[in-house]
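Q: I have a model open and want to learn to read it. Can you take me through its features one by one?

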Amino acid sequence: MDHLYIKAAPVITEFERLTKARVGTWTGVAYGNALQLLKDAPKVDPVHAAGGCYCQECEFWKEAESSLVGTVMCCTGQGDAYIQKRPGDFCSSGKMRRT
């Protein structure tokens with residue numbers, strides 16, 4: 001089966017509304033079961049699903065040598081060129097660090 005990625009929050013909110021609106025009915029039970037399936041479904045990180053990685057996971061990630069708090073230097077993959085990034089940022093040219 002192909003993977004389908006959706007914004008789950010609005011779907012879950014709607015199923016919560018439908019479940020509450022039909023409390024005590026078989027339809028409400030069915031909506032409640034569907035709601036639980038949605039909440040229990042495995043979560044996929046979109047960055048990893050696209051084949052990317054976050055800066056702190058990248059083999060080119062390096063600690064910042066500047067005085068800027070909370071930043072790192074992340075290699076752009078172009079020789080010695082670096083750009084400032086936070087650990088939770090990502091880029092399309094990142095390579096997952098081997099552990």
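Q: In what pattern do helices and strands follow each other along the sequence of the protein?
A: This is a predicted model, so treat every value as computed. Read along the sequence, the pattern is α-α-α-β-β-β-β-β. That gives 3 helices and 5 strands.

Q: Next, burial. How much of the protein counts as buried?
A: A residue is called buried when its relative accessible area is under 20%. Of the 99 residues here, 19% count as buried. The protein exposes about 7800 Å². Carbon and sulfur atoms supply 58% of that area.

Q: Which share of the contacts joins residues at least 24 apart?
A: Start with contacts between residues at least 6 apart in sequence. Among these, 41% join residues at least 24 apart.

Q: Now a single residue. Where is Thr19 found, and is Thr19 buried or exposed?
A: Thr19 sits in helix H1, which covers residues 8-21. Its relative accessible area is 17%. The cut-off for buried is under 20%, so Thr19 counts as buried.

Q: Which residues does Thr19 touch?
A: Leave out residues up to four places away in sequence. Thr19 then touches Gly28, Tyr31, Gly32 and Leu35.

Q: On to cysteines. How many disulfides does the structure hold?
A: The test is distance: two cysteine sulfur atoms must lie within 2.5 Å. The structure holds 0 disulfides. Take Cys53: the nearest cysteine sulfur, that of Cys58, is 4.5 Å away. Cys58, in turn, has the sulfur of Cys53 as its nearest cysteine sulfur, at 4.5 Å. Because a disulfide needs the sulfurs within 2.5 Å, Cys53 is in none, and Cys58 is in none.

Q: Are Cys53 and Cys58 buried or exposed?
A: Apply the cut-off used for Thr19. Cys53 has 3% relative accessibility, so Cys53 counts as buried. Cys58 has a relative accessible area of 3% and is buried too.

Q: Last, empty space. How much space lies in the largest pocket?
A: The general idea: rolling a probe the size of a water molecule over the atoms shows where empty space is left. In this model, the largest pocket holds about 510 Å³ of space.

Q: How many residues line the largest pocket, and which lie nearest its centre?
A: The lining has 12 residues. Leu4, Tyr5, Ile6, Ala41 and Pro42 lie nearest the centre of the pocket.

Q: How do the lining residues divide into nonpolar, polar and charged?
A: Sort the lining by residue type. The result is 10 nonpolar, 1 polar and 1 charged.

Technical notes
Residues are numbered from 1 along each chain as its sequence is written. This is a predicted model: local features need pLDDT of at least 70, side-chain atom pairs count only at pLDDT 80 or more; totals for chains, interfaces and linings use all residues. Side-chain values use heavy atoms; hydrogens and water are left out. On a 1 Å grid over the protein atoms alone, a cavity is a set of points where a 1.4 Å probe fits but cannot get out, and a pocket is an open set with protein on both sides within 12 Å along at least five of seven lines; lining residues have an atom within 4 Å of a point. Grid points are joined across faces, edges and corners, and a volume is the space filled by probe spheres set on the points. Ala, Val, Leu, Ile, Met, Phe, Trp, Tyr, Cys and Pro count as nonpolar, Asp, Glu, Lys and Arg as charged, and the others, Gly among them, as polar. Helices (H or I, at least four residues) and strands (E, at least two) are DSSP runs, numbered from the N terminus. Buried means under 20% relative accessible area, exposed over 50%, partly exposed in between (1.4 Å probe, protein chains only). Contact means heavy atoms within 4.5 Å. Accessible areas come from the Shrake-Rupley method with a 1.4 Å probe; for residues, only the protein chains shown count as cover.
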